[in-house]
Amino acid sequence: MNARVTMDTDGKRVDLPVITGTEGERGLDVSRLREQTGMITLDPGYVNTGSCTSSITFLDGDRGILRYRGIPIEELANRSNFLETAFLLIYGQLPKEDEFRSFVEVITRHTMLHEDVKRFYDGFPKDAHPMAILSAVIGALSTFYQDSQDPTNPEHVEISIHRLIAKVPTIAAYSYKKSLGQPFVYPDNALEYCSNFLRMMFSIPAEPYSVNPTIAKALHLLFILHADHEQNCSTSTVRLVGSSHANLFASVAAGVYALWGPQHGGANQKVIEMLERIRADDGNVRKYVEMARDKNNPFRLFGFGHRVYKNYDPRALILKKACDEVLGTLGTQDPLVDIAKQIEEIALQDDFFLSKKLYPNVDFYSGIIYKAIGFPVNMFTVLFAMGRLPGWIAHWREMMADPKVKIGRPRQIYTGPTQREYVAIEAR
Ligand code: ACO
């Protein structure tokens with residue numbers, strides 16, 4: 001028999017079913033609570049609230065486990081590439097050889113942007129944040145493909161998925177070129193996904209450019225590690241927007257904005273700014289650890305702590321190793337790496353951080369690698385968005401396929417004034 005939890009309220013007994021996931025996680029199904037009791041649940045930040053069941057990503061924050069469709073992140077990091085991982089997330093299994101070949105081919109064929117899209121860039125200021133450009137241009141794609149946006153039509157959805165995955169690197173690279181005043185570099189479909197992106201970012205028409213394979217490999221790794229993280233802020237945003245049957249471009253554009261915030265994807269930019277600040281302050285790491293410990297000081301160590309991980313973020317462990325390898329191969333000496341390692345060493349022995357279970361998260365080392373590759377700091381969150389795109393798509397697709405899904409519409413407990421009269425302006 002399925003487990004149930006019994007609740008006594010106003011002299012009435014209510015049985016609430018317990019739902020158990022495949023990894024043994026348990027959740028109380030309150031979907032009929034209001035109907036049965038007149039009450040709702042109140043859970044700011046949704047700390048205890050499951051918004052859906054999902055078979056995409058399993059995350060155990062206490063044990064530091066992350067798996068996409070059952071496959072541990074460590075294995076994907078070692079053996080997969082970004083487009084294969086994207087396929088896995090979106091379609092639920094690793095592609096067979098021919099499936100993968102056609103997936104790569106179709107993505108490669110859609111890398112170009114409509115020429116008119118380029119005109120949008122003329123309107124953006126030179127110093128526009130590339131996250132704003134990314135979201136605006138993804139939203140604008142829906143104006144170019146009006147005949148294929150029905151979220152209930154599998155063919156429309158499929159072509160939109162391909163367009164998004166293919167065009168986002170081009171959109172991102174153009175936003176960087178715009179900030180430099182350099183000409184846009186068209187995609188080169190002879191190159192694989194990450195190499196093509198690197199070329200669009202860093203080549204100029206006046207000089208030859210060859211992709212450094214170490215850098216392309218590092219980018220695949222970073223994108224794989226960022227590709228999904230179950231119901232985080234931006235993914236929940238994509239689901240919520242999509243639940244109104246907004247098209248995929250609109251839903252993903254909203255997800256980009258949600259990711260931008262410094263408490264979410266924007267943290268990778270903040271980490272580097274923090275490390276620069278510490279370096280400019282004579283590398284006084286202890287001072288900043290003390291500031292983070294001080295209850296009266298709002299300062300936080302960026303790249304530390306996570307809503308779900310109360311243990312080492314497994315992605316941070318992989319990136320810490322990759323950081324040494326990439327910087328070693330590129331021959332880059334970055335004093336920020338030493339500062340980051342000192343912070344980690346001090347924080348991991350400090351009672352404050354240990355008692356609050358604050359460990360380095362994925363953003364702690366990703367920024368250092370991006371910086372070594374040559375990405376400007378304001379592109380870091382864009383890179384996160386590029387990596388997270390398959391996750392957003394997978395969740396949007398899963399939600400649309402679920403017959404039980406309703407439009408997302410949380411309730412509230414009203415705490416404002418009770419009914420009162422309108423007072424004319426001269427009498428106020
Ligand atoms: N530095 C110092 N103290 C911290 C930090 C930190 N980085 N993170 C949390 N704390 C403290 C809080 O002050 C709070 O203390 P209190 O209990 O005395 O009030 C306690 O730890 C719990 O923190 P919350 O903010 O309540 O935890 P929550 O789960 O809501 O927040 C978050 C998680 C937002 C990631 C937080 O740890 C943070 O702000 N970290 C820095 C920003 C960052 O790195 N974000 C990237 C997250 S990873 C990602 O999005 C990919």
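Two exercises on a predicted model follow, each with a worked solution.

**Exercise 1. Cysteines**

Find how many disulfides the model has, and decide whether Cys52 and Cys194 are buried, partly exposed or exposed.

*Solution*

Step 1. Recall the cut-off: two cysteine sulfur atoms must lie within 2.5 Å.

Step 2. Check Cys52. Its closest cysteine sulfur belongs to Cys233, 14 Å away, so the gap is too far for a bond.

Step 3. Check Cys194. The nearest cysteine sulfur is that of Cys323, at 18 Å, and Cys194 is in no disulfide.

Step 4. Give the count. The model has 0 disulfides by this rule.

Step 5. Turn to accessibility. Buried means under 20% and exposed means over 50%, with partly exposed in between. Cys52 has 31% relative accessibility, so Cys52 is partly exposed. Cys194 has 0%, so Cys194 is buried.

**Exercise 2. Two packed helices**

Describe how helix α9 packs with helix α17, and sort the residues of their contact.

*Solution*

Step 1. Choose what to report. A packed helix pair is described by the angle between the axes and the distance between them.

Step 2. Locate the helices. Helix α9 covers residues 213-226, and helix α17 covers residues 363-373.

Step 3. Read the geometry. The angle is about 155°, and the axes are 11 Å apart.

Step 4. Classify the angle. Angles over 145 degrees count as roughly antiparallel. Therefore α9 and α17 are roughly antiparallel to each other. Their crossing is left-handed.

Step 5. List the contact. From α9 come Ile215, Ala218, Leu219, Leu222 and His226. They meet Asp363, Ser366, Ile369, Tyr370 and Ile373 of α17.

Step 6. Sort these residues. The contact of α9 with α17 has 7 nonpolar, 2 polar and 1 charged.

Note on methods
Residues are numbered from 1 along each chain as its sequence is written. This is a predicted model: local features need pLDDT of at least 70, side-chain atom pairs count only at pLDDT 80 or more; totals for chains, interfaces and linings use all residues. Side-chain values use heavy atoms; hydrogens and water are left out. Buried means under 20% relative accessible area, exposed over 50%, partly exposed in between (1.4 Å probe, protein chains only). Axes are lines fitted to C-alpha atoms, for helices over the stretch in contact, and angles run from 0 to 180 degrees between N-to-C directions. Helices (H or I, at least four residues) and strands (E, at least two) are DSSP runs, numbered from the N terminus. Angles under 35 degrees count as roughly parallel, over 145 as roughly antiparallel, 65 to 115 as roughly perpendicular and the rest as oblique. A crossing is left-handed if the near helix is turned anticlockwise from the far one by less than a right angle, and right-handed if clockwise. Contact means heavy atoms within 4.5 Å. Ala, Val, Leu, Ile, Met, Phe, Trp, Tyr, Cys and Pro count as nonpolar, Asp, Glu, Lys and Arg as charged, and the others, Gly among them, as polar.
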